[in-house]
Protein chains: 2
Amino acid sequence: MAAKATSIDIAYRAGVSQSTVSRALRNSPLVSPETRERIKAIARELNYKVDKNASNLRTQNSHTLALLLCEDPTNDDSLINPFFLSMLGSITRATARQGYDLLVSFQQLSEDWHADYEDSNKADGIILLGYGDYMDYEQKLEKLLAQNTHFVIWGAEHNNKSVLSIGCDNVQGGVIATEHLIGLGRKEFAFLGGASSHCPEFRDRYLGHCKALKAAGLVVDKRRQIDAISTEASGYEAAQQLLKKGMVFDALFAASDLIAIGAIRALKEQGIAVPEDVAVVGYDDIPVASFANPPLTTVKQNTQLAGEILVESLLRLILGKEVSTQLIPTSLVVRRSCGAGAA
Amino acid sequence: MAAKATSIDIAYRAGVSQSTVSRALRNSPLVSPETRERIKAIARELNYKVDKNASNLRTQNSHTLALLLCEDPTNDDSLINPFFLSMLGSITRATARQGYDLLVSFQQLSEDWHADYEDSNKADGIILLGYGDYMDYEQKLEKLLAQNTHFVIWGAEHNNKSVLSIGCDNVQGGVIATEHLIGLGRKEFAFLGGASSHCPEFRDRYLGHCKALKAAGLVVDKRRQIDAISTEASGYEAAQQLLKKGMVFDALFAASDLIAIGAIRALKEQGIAVPEDVAVVGYDDIPVASFANPPLTTVKQNTQLAGEILVESLLRLILGKEVSTQLIPTSLVVRRSCGAGAA
DNA sequence: CTGAAAGCGCTTACAG
DNA sequence: CTGAAAGCGCTTACAG
């Protein structure tokens with residue numbers, strides 16, 4: 001394998017200094033167009049690429065962002081939440097579009113994650129992507145702040161206002177899902193998913209849910225809210241609990257699609273028809289949602305936009321520009337599980 | 001923000017030379033245990049992290065791998081094949097376990113991808129992950145080879161033997177799916193998915209399918225093979241074509257789960273019961289498979305193992321150790337769509 | 001066991 | 001417009 005070409009090799013062939021090569025390749029106006037083209041031609045020929053380690057060392061920035069996926073350690077069996085996949089896709093694209101590279105890693109594997117990337121100059125900033133429970137990371141976030149690390153987290157607004165967070169408007173999502181069901185004539189609601197602040201996304205969805213109920217003059221019955229985590233099994237169990245308690249309801253709003261799908265299975269087993277007896281709406285619009293039986297009406301998060309805003313905000317933060325916590329609106333995808341006409 | 005600490009700052013505080021600091025932090029046996037601990041304590045206190053750009057520049061390797069997702073440009077709407085997500089997860093984990101970082105990018109966005117990472121010393125090697133059709137990349141692969149880039153591709157064995165490929169044994173997958181259906185008494189088979197070498201994974205699944213049929217003394221009817229790409233819509237359409245041609249069959253093997261799900265929809269629309277009239281087996285075991293109606297029997301690829309082997313092989317290649325193209329065995333996940341007893 | 005020194009390949013003031 | 005030179009922060013022979 002021929003040794004990799006350096007700017008000195010090019011300088012030698014072009015008969016100029018190494019500084020000129022560097023300038024030409026960076027399109028500096030200080031170098032004459034002819035010289036620049038000649039140098040570029042030689043660079044192409046030698047398959048030259050600027051050594052990022054050297055240029056990053058010199059300029060003290062890496063043009064790289066790091067994405068940390070903070071997952072529940074429960075589902076480590078290579079089962080990533082499909083919502084994250086979608087986010088990963090849009091973040092990857094947004095990062096590339098901005099001319100940055102993206103390092104990806106999982107939180108579990110690096111005890112020392114809070115410092116790993118930016119402190120070692122491998123990344124200029126960090127995106128934290130996790131579902132819900134950032135409480136566990138509280139201390140680590142503090143440390144990140146203390147170290148002046150540039151980072152942005154996905155999710156609900158954080159208690160600490162200095163933490164920049166970008167997330168979908170979960171309250172609004174809860175509202176539109178509930179309003180839709182109310183509009184279809186439903187009156188007795190159940191909600192599956194955590195309502196504690198330990199799970200801020202779910203809590204906000206529940207808050208939106210309650211807000212819409214109150215606005216419509218409907219009862220909020222705390223007994224019809226059952227905690228659940230975002231798995232099919234948990235949704236199944238939560239719905240069973242609800243039925244075992246003898247609760248009567250004609251509408252069910254689940255804090256995630258997986259919960260909704262598990263709940264539908266439990267309802268069906270008890271001979272309860274969806275949507276005839278109970279209308280169901282989920283949250284996330286994961287790919288499975290459209291294949292559920294009946295196809296699931298759900299609140300969709302705009303992951304495309306979310307990824308772009310995450311990356312853009314982080315970049316602004318890195319550049320010292322003004323940034324602010326943002327909420328991204330959600331939209332309802334109507335399918336059959338809610339009892340509306342749609343296919 | 002306090003300037004980042006360097007090894008010189010530590011040396012100053014510890015009253016030793018910078019060389020000694022570097023040695024201590026790298027656990028060199030050349031430095032006395034007491035000195036080492038003292039230096040490490042100071043490093044911790046100052047929140048010091050080795051500057052990767054500097055160390056990589058010096059050692060000329062990056063301890064980073066790059067993952068290039070080569071997707072069909074058709075589904076760029078942040079819709080990544082869930083199979084890739086699973087692979088991404090296991091590759092990320094395997095990479096971290098080996099002490100490497102992982103850069104992720106999508107092929108579409110970087111015209112010049114073949115050279116981007118390794119040539120700029122940002123990565124020591126590249127993993128190419130794509131579904132099927134590497135023909136489009138043929139030239140780029142040649143270039144990678146010519147440049148002596150370290151890379152490994154996911155998928156079927158490549159014509160060019162110098163290309164290191166790791167993939168699941170698609171022929172064997174086709175065999176076990178078909179044998180299972182034969183064991184259930186099915187006799188007339190249809191196959192949905194490309195059979196040309198343009199789509200090597202699908203072709204191999206088809207070859208395995210035919211192999212099993214022949215071994216059982218059953219007919220291989222080319223008219224019952226319809227091309228399809230890995231989408232629900234394509235599967236739906238392919239099944240419709242099959243029916244329109246008046247083909248009779250009691251078993252259907254689809255080259256992917258999405259194709260199978262689309263096909264089931266088409267069959268149902270024609271009043272054909274699955275699995276009673278036609279038993280169906282898919283391929284991939286994507287999350288949707290277990291939620292399909294009926295739940296889909298499918299061939300599962302061991303993504304966990306695959307990710308590990310990809311990473312390990314690439315690392316061996318980088319280190320100049322011996323490596324060889326490998327096939328990973330597949331397994332059948334039996335659900336209801338094939339007509340076997342399982343739930 | 002430790003230190004002084006070279007050098008990885010760039011970028012960018014500084015001097016013409 | 002161009003070149004000579006410094007320096008980014010490390011690692012590692014070399015010399016003790």
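In which strand of chain A is the place of Ser165(A)?

## Ser165(A) and its surroundings

Ser165(A) has its place in strand β5, residues 165-168 of chain A, where strands (E, at least two residues) and helices (H or I, at least four residues) are DSSP runs numbered from the N terminus. This is a predicted model, in which local features need pLDDT of at least 70 and side-chain atom pairs count only at pLDDT 80 or more, while totals for chains, interfaces and linings use all residues. Residues are numbered from 1 along each chain as its sequence is written, chains are lettered from A and ligands numbered from 1 in the order in which they are written, and side-chain values use heavy atoms, with hydrogens and water left out.

Ser165(A) counts as buried because its relative accessibility is 1%, buried being defined as under 20% relative accessible area, exposed as over 50% and partly exposed as in between, with a 1.4 Å probe and protein chains only. When its neighbours within four places in sequence are left aside, Ser165(A) is in contact (heavy atoms within 4.5 Å) with Ile153(A), Gly155(A), Ala156(A), Glu157(A) and His158(A), and also with Thr325(A) and Gln326(A).

## Chain A and its sheet

Chain A has 12 helices and 12 strands, and 56% of its 343 residues count as buried. Among contacts in chain A between residues at least 6 apart in sequence, 71% join residues that are at least 24 apart.

An open sheet of 6 strands in chain A has the order β7-β6-β8-β9-β10-β12, with mixed pairing; two strands are taken to pair if DSSP finds at least two bridges between them. The edge strands, each pairing on one side only, are β7 (225-226) and β12 (330-333) of chain A. Strands β8 (residues 251-254) and β9 (residues 279-284) of chain A run parallel and are joined by 3 bridges; among the bridge partners, Ala251(A) is matched with Ala279(A) in β9(A), and Phe253(A) with Val281(A) in β9(A). Helix α8 (residues 170-183) of chain A packs on the sheet, where it touches β6 (189-192), β8, β9, β10 (297-301) and β12 of chain A, and its direction makes about 30 degrees with that of β12(A). Helix α9 (residues 200-215) of chain A also packs on the sheet, touching β6, β7, β8, β9 and β10 of chain A, with a direction at about 170 degrees to that of β6(A). For these angles, axes are lines fitted to C-alpha atoms, for helices over the stretch in contact, and values run from 0 to 180 degrees between N-to-C directions. Strand β9(A) is mostly covered, 6 of its 6 residues being buried.

## The sheet of chain B

In chain B, an open sheet of 6 strands has the order β7-β6-β8-β9-β10-β12, again with mixed pairing, and its edge strands, each pairing on one side only, are β7 (225-226) and β12 (330-333) of chain B. Strands β9 (residues 279-284) and β10 (residues 297-301) of chain B run parallel and are joined by 4 bridges, with Thr297(B) in β10(B) as the bridge partner of Val281(B). Helix α8 (residues 170-183) of chain B packs on this sheet, touching β6 (189-192), β8 (251-254), β9, β10 and β12 of chain B, and its direction makes about 30 degrees with that of β12(B).

## DNA strand C

DNA strand C is surrounded by 27 residues, of which Ser7(A), Gln18(A), Ser22(A), Arg58(A) and Arg23(B) are the closest; a residue is near a strand if one of its heavy atoms lies within 4 Å of it. These surface residues divide into 8 nonpolar, 13 polar and 6 charged, where Ala, Val, Leu, Ile, Met, Phe, Trp, Tyr, Cys and Pro count as nonpolar, Asp, Glu, Lys and Arg as charged, and the others, Gly among them, as polar. Of the atoms of DNA strand C within 4 Å of the protein, 55% belong to sugar or phosphate and the rest to bases.

Among the polar contacts (pairs of N or O atoms within 3.5 Å), an N or O atom in the side chain of Arg23(A) is 2.6 Å from a base nitrogen of DNA strand C. A polar backbone atom of Ser32(B) is 3.2 Å from a phosphate oxygen of this strand, and an N or O atom in the side chain of Thr35(B) is 3.2 Å from a phosphate oxygen of DNA strand C. The elements giving two or more residues to this surface are α2 (18-25) and α4 (52-59) of chain A, together with α2 (18-25) and α4 (52-59) of chain B.

## DNA strand D

Around DNA strand D there are 27 residues, and Arg23(A), Ser7(B), Gln18(B), Ser22(B) and Arg58(B) come nearest. By class, this surface has 8 nonpolar, 13 polar and 6 charged residues, and α2 and α4 of chain A together with α2 and α4 of chain B each supply at least two of its residues. A polar side-chain atom of Gln18(B) lies 3.2 Å from a base oxygen of DNA strand D, whereas a polar side-chain atom of Tyr48(B) lies 2.7 Å from a phosphate oxygen.

How values were computed:
A polar contact is a pair of N or O atoms within 3.5 Å; within protein, one must be able to donate a hydrogen and the other to accept it, and residues adjacent in sequence count only if both atoms are side-chain atoms.
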